[in-house]
Amino acid sequence: MRRLWRSVLFLGRDSRLRAWLKPWTDSLNTFSKGHQSLSVVLGMAVVTTVLPFIILFPPFAGFATQGDWVQGFASAGIFVLLALGLNVVVGLAGLLDLGYAAFFAIGAYSYAYGASPFAGTHFPFWPLLLVGAMVAALFGILLGAPTLRLRGDYLAIVTLGFGEIVPVVFRNADTYTNGTNGISGMYRPALPVTGTFLGLNPVPYYITVAVLVALAMVFLYRIQDSRLGRAWMAVREDELAAASMGINTVTTKLLAFAIGASTAGLAGVFYASKVTIISPDSFGFTVSFTILAMVVLGGMGNVWGVAAGAFVVYEIQSELLKQMNGFVEHLNLPPINLGVTTIDLAKVDFLQYQFLLYGLALVGMMLLRPEGLFPNRRRRAELHDVDDAEAANQELVEA
Amino acid sequence: MDVGTLTQQLVNALTLGAIYALIALGYTMVYGIIELINFAHGDVFMVGSFVSLWLLADFFGLRGPINNPAELVGVLVVAFVFSMVVMGLVGVVIERFAYRPLRNAPRLAPLITAIGVSFILQNIIQIWRGPAQLNSPQLINVQAGFRVGSAEVHWISVFVIAIAVGLIIGLHLFISRTRMGRAMRSTALDREAAQLMGVDINTTIAVTFFIGSALAGAAGVVQGLYYGYTFFTIGFQGGLKAFTAAVLGGIGNTTGAALGGFTIGFIEVFASQAGYANWSEAIVFSILILVLVFRPTGLLGQPTAERG
Amino acid sequence: MKPRPLAFVAVVALVASACGSSSSTTGPQVVKIGVELPLSGGEAPNGGPTLNGIQLAINQIQVPGYTVQLNTQDDAVNGVNNPDQGAKNIGTLVSDSQVFAVVGPFNSAVAKAEIPVSNEAGLIQCSPANTNSTLTLGDPAKALRQAHPDQIAYVRVVANDDFQGLADAIIAYKDLGKKSMYIVDDQTTYGKYLADVVQAQFTKMGGKVVKRDGAGANVSDYTSLLTAAKALSPDVVFYGGVTSTGGGVLRKQMVANGMGDLPFVGGDGISDGAASVASSFLNIAGDQGDLNTWMTTAGAHDIPDRATLAAAYQAAFGKELGAYSAAAYACTQVYLEALKAVGPDRAKVRAYVTDTTHTFNTVLGPISFDANGDINQEIISYFQFDPSTKDWKFVRQNDPTKA
Amino acid sequence: MSDSPVTPVLRTVGLTKQFGGLIAVRDVDFEVPEGSISSLIGPNGAGKTTLFNVIAGLFDPTSGYIEFMGRRVVARPERSWLEPVLWMTGPAVLGASAYGAAVAGLSALVVEFLLFAALIVLIGVLILASVRPTWYVDGLVRLGVFKSARPNDMVAAGIGRTFQNIRLFANMTATENVLVGMHDQLRQNPLDAVLQTRRQKREESEARREAARWLRYVSLRGHDDDLARNLPYGDQRRLEIARALASKPKLLLLDEPTAGMNPSETEAMMQLFARIKSELGLTILLIEHDMRVVMGISDRVTVLDHGEKIAEGAPAEVRADTRVIEAYLGKGAI
């Protein structure tokens, strides 16, 4: 059964497809090993170019038009950024953060203060990206400094608390945040060539977010292979031994927090500039959870995996489940006769079952593939026992 | 604030705290034994309130207070037993299918299934009873009570506090006095060692889930009796607060969970009294963060010795 | 077992054929009205009846030469209305070339994300439910129309909260003659704004607000708030919010805490049917809580032919008319009239609808829109609970600024 | 001991460690002379590993202190509540004066300035508290907040260690394990990593070369890219030593380095220790049960029993000590 699912997900090591692709993947691997940043940029470029065309074909074309898809991809990019940032905290440093949306909110409000009629300011978008990231990082440090000494689960609840506090503050500090109304009419980004971005044309946003994601990925890959990245891994593996090897665990974790938060800040700024309205209700617990689910489903610790996980979950949530009704009607399936009752799928309102399907997807995914869709090799080794670990080792040697 | 209002608020705080404590116990028990933050627990409480709603309103056809004491006691006993057993079984089923297969997976995997289960439970209830608040029969007349000075204490409050305290004491006795309780404690301390000593781990964990979920079921009945309504989203916020209570008290510690529940009840009530109801979550969580920063194991938690 | 690639291919083929077969054009031209409402999760009771109103209108009214269909988009993500999703949905509707006008959104926060997009595209939106004043008035509204400041593309058929709040204050101060008020809002954009207006107007009239609390959807225990408020002895309570965030529960707990005798006033958020309707405000508040309650709705109750509309609605959907079904019906009527007059050209429809000189015949009566997109008949309807029918009883309707 | 021929690298003074009611280490004074191989022996439960952990900064001593290279080591909070209180006082004073200024009717500029200052001080102190530069720690020691060091401070001071039950980073490769050991030696910062500065690239490649050198030094060949968990037991021990050596310690703490090894492996290990001493000039302190190792390579032996030091001296002296024999074989043995 397990084997079957692995093949279905066509990512298992035993699939024939994989064997067939091996020569190509091998040479790709060698290339990416030597030119990591370049290969990330190239990879993102390929993905960014190909995505808008893939969706011209069925079954994707059945859901929505190309414009809608690209619009959705631009929003999905926000979540990819968020997942990449959370991956640093959860996947690399092994800290459970349940209030990650707070930093997203902080980034978004930073943009609102920098470029909205409410604040009466209009700074350009690009430097504000940096400002938002820095403000979020600062709050990450402020939260982390006193709390990172706590044991894992206590840290989780502290972050959860922080995630609840931030929207409450934004909601109630009316004078500064316009309260529940939120801040609207944010100015859109502008570039010398294209002029101000338009709400109707998702392409500039899409490209911008792709560039941001590519940058974030390059940076994260580089950090992962540095002193700090190794320290994160060591702290995750064995905090005590890590400390005994000279790693200041608190500073190391704090940096994970700060870098994770700054990525969320970046995403927040972009989000605010795209949606042009932010309100405290957009940054609740559900958002934190969704991002966490994206990271875990994608495969903690693996940059590409997490990005893919975020993308897939976002598309399921906001495209597939939403368009399910129309899609099933299109299929023209005959009613299913169960004897006692007949189920006509075309008449079922799938919107009603959205949560149920999402929940089942989460549970099923975890039961069948707890290491995520695209697991980090090390992480998979932790999960499966010796034989798999040896295989993983083998892969490492080959790579 | 006059003495009457103060007394009244104390009673309110105790009542609210009692409900939080009941839910918090389930969190803390499950965490104590398998170190899983069972995010679906809040929704078990929510489903419990719907199960008791079904029993009382649809099955018994009750609408309002019952005035005959004997009948009232009879119905209440049936309601509590039914809801607790049903929810206990639901808890066991959830454990069996969503958590047990992942017992050796990384810690985050069962957390995600917990979130998934939470979504599933909410959606099932939403499909079953619709996405709106529903009236729940208040069997005990909520206006009946007695006066303490200038304060009005309602019998329902006394009842809720008594139920919670009774169940907490019962649970405490169960854990400290019975064989199963000992098995639970030893499993919590060291699962492998317990297994070697002949403890059946699967049964022990299942029993833990049964008891924790049954307590949430009891809290669900209380929700209906005390507030007179239920809603498919109450599990989420109630669960969050209860979880906070469990951590505040020292997670894994049942007495601590009760203490944490009452503490949060007090904080919320007095935040409301002071006119900061809209800030109450921020206040609760700020206090939580401060407590954890200065006393990292919670109020009653034992510091865990690190093994070098 | 082995994976079955054939099944996958079959599905793909099926989809492909399904897509191919749907594009045949003969007979009347197919045009679409976009619908942008929250339809799933906890939002379903809001969006559902509104969508039904639109459906009913296009079923009943034929425009010669055109087949009018709907392109329906849901802006709820994880069961809660979501501005980002709303903006995306408007993008989707804009890119559907058959869509010539949009009915929606339902929530003001979503509207704030959508107005800039529809304004940019010149695609007209008509909201049957947005009452937040800042959507059409003042600097905040200007900020939403940055693309074409002089070409509004958003109108609404309900009066804004400034009018409704004034009407609620009038009920408390003038009708009931109460002087000290306790206000609870539900921490939503709608509830808080309405409560703010009531607080300001009540104070202006000479009343006193003794306490003001905010308690969101997550609050299920109002006991402590009520205990604190009781000590200040208010003589009227106003609730700014909707039933699902706690209106009925608040009233119910007022009864339990001995405050059931106080009159209770609310906005259109608690206008959701008779006591017999499950989950309505009156149902949750309970028999003793129903008494002494007053409520207002934005828009005229005495519409020319309410009974016929309600009957048709009942026949089509088996339910009572929703709070915004008639308004959604009216929005659709406006569009169908524009379609008949100028055809399905977006720019022409937009210009036709926003032309302040045009008057539209709708179920709400003859209406027109002012330069900001607000409806000309800013009528508020006043209701009071009627113990004999266990339902809201219509008292009167007027423009509260002129009353 | 005052009559040590060489200056001590490490000296504990009245060191006591208590866990609840159990006193694991009681009032131990001992010294490790520079350039020596010293052993710590004693029956099971004598408190050897506890003493190690206190020296390595894992536990605070209940009383007493440690001197390393003639300097008392401190960095861990003694009155942990005091540090946050200190964080808060500055901002609180500023905040209160801002409030006072507002009440006194001073200009809004003054009030805002004070509030802003309070915020900046708070942020500054929090950052200091998490980064903890030496001067901040020194200040805290003066105020009585801090006591002993954290493990990473001890590594920075020059103490490397291995663990009794191997604690490698199991899912990292051998090279990566050693690179983690070099953590304190590397000077790159995250910005270097992000921008891939020339410094970063040079340092990384040098570090990798050095890591390979350390692996070969402990005779681990051809396993550089193997995951630590997949190495054979003896190699894991060696890898742990390589990892400890990579931090360039002056004193190396080895906790039962030959446990579970056969005689020939043990022999190889002993040779390694001798090389470390002679070639690298390190001082070694080891816990050992195998008396052949202890007697074969130690310059000095300290015996613990029930947390107390019962004998100390050259191997031969200790072997003859009656209390030691008693401790090992029981009272009746004499």
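How many helices and how many strands make up the secondary structure of chain A? In this predicted model, chain A comes to 18 helices and eight strands. I shall begin with that chain, pass to its contact with chain C, and then treat chains C and D in turn.

Of the 399 residues in chain A, 58% count as buried. Its contacts reach far along the sequence: taking those between residues at least 6 apart, 75% join residues at least 24 apart. One helix deserves separate mention. Helix H6 of chain A, residues 101-114, contains 14 residues, and the distance from its first C-alpha to its last is 20 Å, close to the 20 Å expected at 1.5 Å a residue. As for its surroundings, 14 of the 14 residues of H6(A) are buried, so this helix is largely enclosed by the rest of the structure. For a helix in such a setting, a general point is useful. An α-helix has 3.6 residues a turn, so residues three or four places apart point the same way.

Let me turn to the assembly. Five pairs of chains touch, and the pair with the most contacts is A and C. By contrast, chains C and D do not touch, and their nearest C-alpha atoms lie 26 Å apart.

The contact between chains A and C involves 43 residues of chain A and 42 residues of chain C. On the chain C side, at least two residues each are supplied by helix H1 (5-21), helix H3 (83-95), helix H4 (108-121), helix H5 (138-144) and helix H7 (189-205). Which of these helices gives the largest share of the side of chain C that touches chain A? It is H3(C), with nine residues. By class, the side of chain C that touches chain A has 22 nonpolar, 13 polar and seven charged residues.

Within chain C, I would draw attention to an open sheet of five strands. Their order is E2-E1-E5-E6-E7, and the pairing is parallel. Strand E2 (66-74) and strand E7 (154-156) of chain C are the edge strands, each pairing on one side only. On average, neighbouring strands of this sheet are turned by 25° against each other, direction ignored. To look at one pairing in detail, strand E1 (residues 29-37) and strand E5 (residues 99-103) of chain C run parallel and are joined by four bridges. Here C:Lys32 stands opposite C:Val99 in E5(C).

The domain assignment divides chain C into domain 1, covering 28-159 and 306-367, and domain 2, covering 161-298 and 380-398. The C-alpha centres of these two domains of chain C are 29 Å apart. Their contact takes 10 residues from domain 1 and 16 residues from domain 2 of chain C. The domain 1 side of this contact in chain C has four nonpolar, five polar and one charged residues.

I come now to chain D, which also has an open sheet. Six strands form it, in the order E6-E7-E8-E3-E9-E10, and the pairing is mixed. Why is one side of strand E6 (159-161) and of strand E10 (308-313) of chain D left without a neighbour in the sheet? These two strands stand at the edges, and each has a single partner strand, so one side of each remains without a neighbour. The twist from one strand to the next averages 20°.

Inside this sheet, strand E7 (residues 251-255) and strand E8 (residues 283-287) of chain D pair in the parallel sense over five bridges. In this pairing, D:Leu254 stands opposite D:Leu286 in E8(D). Helix H1 (residues 48-55) of chain D lies across E3, E6, E7, E8 and E9 of chain D, and runs at about 150° to E7(D). Helix H10 (residues 263-280) of chain D also packs on the sheet, where it touches E3, E7 and E8, and its direction makes about 150° with that of E8(D).

Several of these elements reappear at a domain boundary. Chain D is divided into domain 1 (1-76 + 249-334), domain 2 (82-142) and domain 3 (159-246). Between domain 1 and domain 3 of chain D, the C-alpha centres lie 26 Å apart, and 16 residues of domain 1 are in contact with 12 residues of domain 3. On the domain 1 side, H1, E7 and H10 of chain D each supply at least two residues. The largest share, five residues, comes from E7(D). By class, the domain 1 side of this contact in chain D divides into 11 nonpolar, two polar and three charged residues.

Conventions: Residues are numbered from 1 along each chain as its sequence is written. Chains are lettered from A and ligands numbered from 1 in the order in which they are written. This is a predicted model: local features need pLDDT of at least 70, side-chain atom pairs count only at pLDDT 80 or more; totals for chains, interfaces and linings use all residues. The expected span of a helix is 1.5 Å times one less than its number of residues. A residue is buried if 20 or more other C-beta atoms lie within 10 Å of its own, exposed if 12 or fewer, and partly exposed in between; C-beta atoms are placed from the backbone. Two residues are in contact if their C-beta atoms, placed from the backbone, lie within 7 Å. Ala, Val, Leu, Ile, Met, Phe, Trp, Tyr, Cys and Pro count as nonpolar, Asp, Glu, Lys and Arg as charged, and the others, Gly among them, as polar. Two strands pair if DSSP finds at least two bridges between them. Axes are lines fitted to C-alpha atoms, for helices over the stretch in contact, and angles run from 0 to 180 degrees between N-to-C directions. Domain bounds come from an automatic or database domain assignment.
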